[in-house]
Amino acid sequence: MPRLVFSDSDLGRVRFAIMPFQETLKAARGLGLPQPPPGLAAWRHTGRAALPAAARPVVALCSAHPRHLPDFLTPQPAAGPMTFEDELHAALDDPAAPVLQDTAAFAGVLDTVPPVVGTLLRQPTRARRALRDAFAAFHRAVLAADWPRLRAQLAADVAYRARLAARHGVEAMLATLCPPHVRWEHPYLEFAGPVAPDYALGGRGLVLVPSMFLTDGVHRQLNDRQQPMLFYPARTAGA
């Protein structure tokens, strides 16, 4: 199992975030994968029926690989609450974002490169504008009406894990984060996935992000530009 390596200072910098735009990415992934993730089959039927043509590139991008996306789509989460529009702006309107670099790295792990990825490589500025509109169309059609209920479920998950950490310590909370996909054995947080070298958090801590649409494992976001992130299934995901 791949492992994140914690120092004592990393344990003191564990935090949670609720990220509505990232939920949009995970929902689009759930619609586009060849097989529905556990618990999402019924939702996928209604989601696909509601999907407008303008949002199809989003589904193609988010389901092109079961675990990876271009890193620029997951910017550093803010310390306070974020709206979908806040995150969308941070992901797709930052002129300094290394879009070409991140998209090229993403294309390198794909068996088949969808047209939306090719357009990002050839015309990154134009493609980002088009993606911005496509993500907004997807969110309006598929998630916006249910977002208050979804957010309440995510907030309940964070509150539950915060109580665990307060009563029993951060390590105890990590040990119960997402069985059987995650295992804590000091100083390692192991998670299911392809074999990879150990990744030292290096004092930056970890952002834990619950998801209602990620029901088949955990996803990581690890690069040198931002605080490491781990996306995991919320306790009521798929229910």
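This passage walks through an annotated domain, a small set of paired strands and two pockets in a predicted model.

A good place to start is the annotated region. According to the unreviewed UniProt entry, residues 119-236 carry the annotation "domain: DUF5937". Within this span, helix accounts for 44% and strand for 20%. The C-alpha atoms at the two ends of residues 119-236 are 37 Å apart.

Attention turns next to the sheet. Four strands come together in an open sheet, and reading across it gives the order 3-4-1-5. The pairing in this sheet is mixed. Strand 3 (182-185) and strand 5 (199-200) are the edge strands, each of them pairing on one side only. Strand 3 has strand 4 (residues 188-191) as a partner, and the two run antiparallel, joined over four bridges. For a reader who would like to find this pairing in the structure, Val-182 offers a handy starting point: its bridge partner in strand 4 is Phe-191.

The model also contains pockets, and the largest of them holds about 440 Å³ of space. Its lining is made up of 22 residues. Those nearest the centre of this pocket are His-68, Leu-69, Asp-71, Arg-220 and Gln-221. Which elements each supply at least two residues of this lining? They are helix 2 (20-32), helix 6 (99-107) and strand 7 (219-221). Helix 2 gives the most, with four residues. Sorted by class, the lining of the largest pocket comprises ten nonpolar residues, together with six polar and six charged ones.

The second largest pocket has a volume of about 270 Å³. It is lined by 14 residues, and Arg-149, Leu-150, Met-212, Gly-238 and Ala-239 are the closest to its centre. Two or more lining residues come from each of helix 8 (124-143) and helix 9 (147-168). Which helix gives the most to the lining of this second pocket? Helix 9 does, with three residues. The classes here divide into eight nonpolar, four polar and two charged residues.

Taken together, the two pockets can be located by their main contributors: helix 2 for the largest pocket, and helix 9 for the second largest.

Notes:
Residues are numbered from 1 along each chain as its sequence is written. This is a predicted model: local features need pLDDT of at least 70, side-chain atom pairs count only at pLDDT 80 or more; totals for chains, interfaces and linings use all residues. Side-chain values use heavy atoms; hydrogens and water are left out. UniProt positions are given in the numbering used here, feature names are shortened, and annotations may be inferred rather than shown by experiment. On a 1 Å grid over the protein atoms alone, a cavity is a set of points where a 1.4 Å probe fits but cannot get out, and a pocket is an open set with protein on both sides within 12 Å along at least five of seven lines; lining residues have an atom within 4 Å of a point. Grid points are joined across faces, edges and corners, and a volume is the space filled by probe spheres set on the points. Ala, Val, Leu, Ile, Met, Phe, Trp, Tyr, Cys and Pro count as nonpolar, Asp, Glu, Lys and Arg as charged, and the others, Gly among them, as polar. Two strands pair if DSSP finds at least two bridges between them.
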